[in-house]
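Hi everyone, thanks for making time. I'd like to walk you through a structure that's probably new to most of you, so let's put it on the screen.

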Amino acid sequence: MSLYATLFSGVSGLSAYSGALGMISDNISNVNTIGYKEVRARFSTLVTETRSTTRYSPGGVQALPQNLISKQGLLQSSSSPTDLSIDGAGFFAVRPSPDANSAVVSFTRAGSFVPDEAGFLRNTAGQYLL
């Protein structure tokens with residue numbers, strides 16, 4: 001086992017832990033952001049190729065983000081009669097215009113909608129609720 005391989009194994013662990021702390025920090029700083037979903041760190045072992053039976057080559061670890069976009073968020077009360085929420089799994093389907101021929105459809109769990117001049121419900125991003 002080389003000195004570099006030994007150092008890489010330790011440094012990869014520190015780097016993965018640093019990335020996981022960054023994900024936790026983002027979760028804390030966005031706790032009141034509407035529509036934000038938690039990100040969790042998923043640790044994965046890095047396996048190295050061993051070509052010799054007499055030498056050992058250590059692996060490492062990496063932290064991969066796992067976005068929990070379909071997880072239930074916090075429900076908040078609202079005084080607006082057009083604000084909606086989804087209890088459980090699912091998304092609101094929205095598109096950039098109320099035109100039925102618009103092929104671009106997006107999905108969101110943020111349910112703050114207001115009616116426009118024509119009575120169509122729009123979210124804060126300007127997307128129309130289907």
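Before I point at anything, one bit of vocabulary: when I say buried, I mean under 20% relative accessible area, exposed is over 50%, and partly exposed is in between. Take Arg 40 as a test case: its relative accessibility is 39%, so Arg 40 counts as partly exposed. And please keep in mind that what you're looking at is a predicted model.

Okay, the overall layout. The chain has 1 helix and 7 strands. If you read along the sequence, the pattern goes α-β-β-β-β-β-β-β. There are 130 residues in the chain, and buried ones make up 22% of them. On the outside, the chain exposes about 9,200 Å², with carbon and sulfur atoms supplying 57% of that. As for contacts, if you take those with a separation of 6 or more, 46% are between residues 24 or more positions apart.

Let's start with the helix. How far apart are the end C-alpha atoms of helix α1? They are 39 Å apart, and that agrees with the expected span, because 27 residues at 1.5 Å a residue should also give 39 Å. You can find α1 at residues 3–29. Its buried residues are Ala 5, Ser 12, Ala 16, Ala 20, Met 23 and Asn 27. And what covers them? Strands β1, at 39–46, and β2 are included in that cover.

So let's hop over to β1 and look at a couple of its residues. Val 39 lies in this strand. Is Val 39 buried or exposed? It's buried, because its relative accessibility is 17% and the cut-off for buried is under 20%. Setting aside neighbours within four places in sequence, Val 39 is in contact with Met 23, Asn 27, Pro 65, Gln 66 and Asn 67. Two of those names, Met 23 and Asn 27, you just heard among the buried residues of α1. Val 39 and Leu 64 are 25 residues apart in sequence, and their C-alpha atoms are 9.8 Å apart in space.

Ala 41 is also in strand β1. Ala 41 comes out at 28% relative accessibility, so this one counts as partly exposed. Again leaving out residues up to four places away in sequence, Ala 41 touches Ala 20, Met 23, Ala 63 and Leu 64. From Ala 41 to Tyr 17 is 24 residues along the chain, and the C-alpha atoms are separated by 9.0 Å.

Back to Arg 40 for a second. How many salt bridges does the structure hold? Just 1, and here it is: Arg 40 forms a salt bridge with Glu 38, with the closest N and O atoms 3.1 Å apart. Glu 38 is partly exposed, because its relative accessible area is 28%.

Next up, aromatic rings. A search of the whole structure finds 3 aromatic pairs. One of them is Phe 91 with Phe 107, edge-to-face, at 6.5 Å centre to centre and 65° between the planes. Phe 91 sits in the loop between β2 and β3 and Phe 107 in strand β4, so the pair ties together parts that are 16 residues apart in sequence. Phe 91 counts as partly exposed because its relative accessibility is 37%, while Phe 107, at 58%, counts as exposed.

Another pair is Phe 120 with Tyr 128, also edge-to-face, at 6.2 Å centre to centre and 85° between the planes. Here Phe 120 is partly exposed at 40%, whereas Tyr 128 is buried at 10%.

Now stay with Phe 91 and Phe 107, and look at the surface around them. Together with Ile 69, Val 105 and Leu 130, they make a nonpolar surface patch of about 490 Å². For anyone hunting on the screen, β4 covers residues 106–108.

Last stop, Ala 89. This one is in the loop between β2, at 60–67, and β3, at 92–95. Ala 89 counts as exposed, because its relative accessibility is 72%. Which residues does Ala 89 touch, not counting those up to four places away in sequence? The answer is Ser 70 and Arg 109. And Gln 72 is 17 residues away along the chain, with 6.8 Å between its C-alpha atom and that of Ala 89.

That's my tour, and I'm happy to go back to any part of it.

Methods: Residues are numbered from 1 along each chain as its sequence is written. This is a predicted model: local features need pLDDT of at least 70, side-chain atom pairs count only at pLDDT 80 or more; totals for chains, interfaces and linings use all residues. Side-chain values use heavy atoms; hydrogens and water are left out. Helices (H or I, at least four residues) and strands (E, at least two) are DSSP runs, numbered from the N terminus. Buried means under 20% relative accessible area, exposed over 50%, partly exposed in between (1.4 Å probe, protein chains only). Contact means heavy atoms within 4.5 Å. Accessible areas come from the Shrake-Rupley method with a 1.4 Å probe; for residues, only the protein chains shown count as cover. Patches are made of residues with over 30% relative accessible area and no salt bridge: like charges are joined within 9 Å, nonpolar side chains (Val, Leu, Ile, Met, Phe, Trp, Tyr) within 5 Å. A salt bridge is a side-chain nitrogen of Lys or Arg within 4 Å of a carboxyl oxygen of Asp or Glu. The expected span of a helix is 1.5 Å times one less than its number of residues. Rings of Phe, Tyr and Trp (its six-membered ring) pair if their centres lie within 6.5 Å; planes under 30 degrees apart count as stacked, over 60 as edge-to-face and the rest as tilted.
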